[in-house]
Amino acid sequence: MGNTTNRTRMGDTGCVHFASYVKEYGYDSYTVVHAYFSACISKEARRRKALSCLCYKCGSSGPQLYSCLHCIYFACKGAHINEHYKHTKHYMALELCYGMLYCYQCRDFIYHSKCQAIAERHLRREARSLDKSLSWRPWSPSRLEIELLLKNPKRRHVTALTSIGLRGLLNLGSTCFMNCIVQALIHTPLLRDYFLAELHECTAKTAAKCLVCEVSRLFQEFYSGARGPLSLHRLLHLIWNHARHLAGYEQQDAHEFFIATLDVLHRHCKISMTELAANAAAAAAAAAAAAAAANDKSKSSQPNAHQPSQNAHAGTNYLSERTNSQQEQLPLLVASGPNALAPSASPAATTGTTTATSATNSGQSQPPDPNPTQCNCIIDQIFTGGLQSDVVCQACKGVSTTIDPFWDISLDLGESSNGQGGYGGPPKSLIDCLERFTRAEHLGSSAKIKCNTCNSYQESTKQLSMRTLPIVASFHLKRFEHSSLIDKKISTFISFPAELDMTPFMSQKKSDQQQQQQQQQSSHLSPSSPNFPGGGANGSSTSSMTGTANVIATSSCLHNDDSRNQSYQHEDSDTADFRYSLYAVINHVGTLDAGHYTAYVRHQKDIWVKCDDHIITTATLKQVLDSEGYLLFYHKKILEYE
């Protein structure tokens with residue numbers, strides 16, 4: 001950026017010029033300018049920016065303005081702000097679009113840790129003021145991480161052809177099913193980030209028996225840079241102890257092992273989280289007891305403890321004033337304006353209050369949690385979605401809706417038992433399977449369900465849809481068919497895409513389609529006609545309208561169901577993105593009696609490898625898409641930051 005002779009060495013505290021600026025002016029000017037003209041922490045701040053944040057030279061509002069931190073002078077990037085610097089020699093400026101400090105002596109943008117902390121606080125207040133999620137911020141290392149980076153200067157550079165993250169797995173005797181599931185989990189991006197950041201904490205009491213700790217160790221082994229194959233005997237032993245039905249050396253089903261592994265990981269995450277919370281609570285109680293004992297001891301040592309002295313009262317005022325000054329960091333303009341945020345309100349409290357208020361203002365009660373059983377562990381964050389089941393009474397058109405959590409979706413590959421709806425043959429693609437899974441199914445006279453409105457057993461239709469989708473969508477193609485007559489494997493080729501859009505299968509989309517069908521039929525049918533759009537079969541099991549813990553609306557009229565869907569519109573709105581990208585495929589070759597599992601995993605973007613126990617070979621996307629497919633793993637392309 002021009003002449004480099006004036007540049008100085010910079011660290012966490014910026015440059016020497018900014019240090020001299022702070023010594024003379026302090027942080028007040030930076031704090032106010034950033035709060036009101038960069039982050040805009042309140043309605044008052046946004047009003048002030050709209051009225052006064054204009055270039056003093058040309059009157060323009062952008063596209064990129066700078067503010068002089070010496071005299072609060074606004075000017076456009078380039079000639080106008082440069083002219084101000086040459087005339088006044090004011091060398092510190094703030095770029096308002098991104099909130100970056102610029103030093104004209106260094107002729108470069110500078111970084112200052114304290115200013116960055118101030119900016120982060122302002123951005124959080126801006127998000128609360130606008131009732132929105134915090135904008136994405138790039139990763140910045142903590143103090144501990146900085147110390148570790150300085151102590152370990154050597155870096156592993158990940159290149160396009162690197163083998164870091166690839167390890168073969170030894171077959172311990174028909175354990176190929178386990179090897180494939182582990183390879184898929186190791187190459188799950190968010191799971192990898194979680195364990196490599198060592199975010200899992202476990203107490204010493206349970207660490208030896210914790211499956212999560214073992215998986216964390218495996219991630220470290222995979223990304224250590226070593227190339228030799230690994231043995232999963234410790235993982236297998238832990239699975240045997242916690243999932244007894246999988247114990248033994250015979251071949252197991254990879255899908256069954258996947259679900260069992262997620263279940264054990266989920267349970268162990270909850271155990272470690274509970275124990276850590278209990279330990280923290282015990283430590284806090286002990287600290288509070290010690291503080292109370294010390295306080296009592298200090299009071300007993302005072303001759304007139306029952307009469308507070310003037311100094312003690314003054315000290316209380318000082319602490320109160322200090323607390324207030326710490327809560328309100330903006331000493332100048334920020335204190336003014338009726339719309340300034342209350343500094344004591346936490347983000348969680350603000351969010352909860354906003355939700356309750358919006359529900360009250362709309363005249364509707366706050367909708368129930370679509371997945372009340374979901375916890376906050378890393379397994380549920382990544383793999384848990386919500387499956388909505390709508391059962392419609394054919395007599396009164398009342399709707400019973402249940403929402404159940406799921407980790408994966410099992411899809412039938414055989415011919416439909418009901419040929420209605422123009423679709424009775426076996427599916428040919430993953431899209432066909434999903435369409436059949438979410439198609440309305442007439443339950444028939446042999447499976448009548450008691451309707452609370454009619455107070456009698458009535459025929460009904462049932463339709464499944466996706467209320468919420470997980471970050472990782474897992475699909476199980478049911479290739480193994482077990483019956484009283486014969487057990488067989490379905491080897492039909494089912495095509496699946498590299499990029500999958502789940503929008504057509506969302507609950508809101510299905511509701512819109514149903515309304516369109518009703519509007520079309522209402523122009524041809526009289527209001528008293530008993531006909532109702534439906535038909536088809538999804539091959540899924542049915543659930544009762546009554547006696548279910550997850551029922552959130554029973555026998556409501558159809559128009560009431562519409563309003564309920566609208567209350568969830570923030571989850572299934574048109575702005576949401578439900579596109580997924582394939583990153584792992586598990587295949588089964590052979591028969592039910594003698595078979596073998598292999599896996600394709602995406603190592604890097606557009607780079608696929610085939611994992612066959614201890615053998616790792618490169619693969620092409622065409623080979624992946626041409627494979628038979630038993631378990632398919634898709635990762636969400638765009639994540640919503642909270």
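1. A helix crossing is called left-handed if the near helix is turned anticlockwise from the far one by less than a right angle. In this predicted model, helix H9 passes helix H10 in just such a left-handed crossing.

2. The geometry of this pair can be stated further: H9, which spans residues 211-222, and H10, which spans residues 233-242, pack at an angle of about 160° with their axes 10 Å apart. Because angles over 145 degrees count as roughly antiparallel, H9 is roughly antiparallel to H10. On the H9 side the contact involves Leu211, Glu214, Val215, Arg217 and Leu218, and these residues meet Arg234, Leu235, Leu238 and Ile239 of H10.

3. H9 also packs against helix H8 (residues 189-196), here at an angle of about 95° and with the axes 9 Å apart, which means that H8 is roughly perpendicular to H9. From H8 the contact draws on Leu191, Arg192, Phe195 and Leu196, while H9 contributes Val212, Val215, Ser216, Phe219 and Gln220. Val215 is thus listed in the contact with H8 and also in the contact with H10.

4. Helix H7 (residues 176-186) is mostly covered, with eleven of its eleven residues counted as buried. The buried residues include the polar Asn179 and Gln183 as well as Phe177, Met178, Ile181, Val182, Leu185 and Ile186.

5. Is Asn587, in strand E18 (residues 579-590), buried or exposed? Its relative accessibility is 5%, and because the cut-off for burial is under 20%, Asn587 counts as buried. The side chain of Asn587 makes a polar contact with the side chain of Ser627 at 3.4 Å, and it also reaches the backbone nitrogen of Glu628 at 3.5 Å. Leaving aside residues up to four places away in sequence, Asn587 touches His596, Tyr597, Thr598 and Tyr600, together with Ser627, Glu628, Gly629 and Tyr630.

6. On confidence, the protein averages a pLDDT of 76, and 73% of the residues score at least 70. Among the elements, strand E22 (residues 631-636) has the highest mean pLDDT, at 96, whereas strand E17 (residues 551-556) has the lowest, at 32. The pLDDT is below 50 over residues 1-8, a stretch that nevertheless has 15 contacts in the model beyond near neighbours in sequence. It is likewise below 50 over residues 303-372, where the corresponding number of contacts is 63. Where pLDDT is low, the predicted coordinates should not be read in detail.

Note on methods. Residues numbered from 1 in each chain as written. Predicted model: local features only at pLDDT ≥ 70, side-chain atom pairs only at ≥ 80, totals over all residues. Heavy atoms only, no water. pLDDT = per-residue confidence, 0-100. Helix = DSSP H or I, 4+ residues; strand = E, 2+ residues; numbered from the N terminus. Contact = heavy atoms within 4.5 Å. Buried < 20%, exposed > 50% of the residue type's maximum accessible area, 1.4 Å probe, protein only. Polar contact = N/O pair within 3.5 Å; in protein donor to acceptor, adjacent residues only side chain to side chain. Axes fitted to C-alpha atoms, helices over the stretch in contact; angles between N-to-C directions. Parallel < 35°, antiparallel > 145°, perpendicular 65-115°, else oblique.
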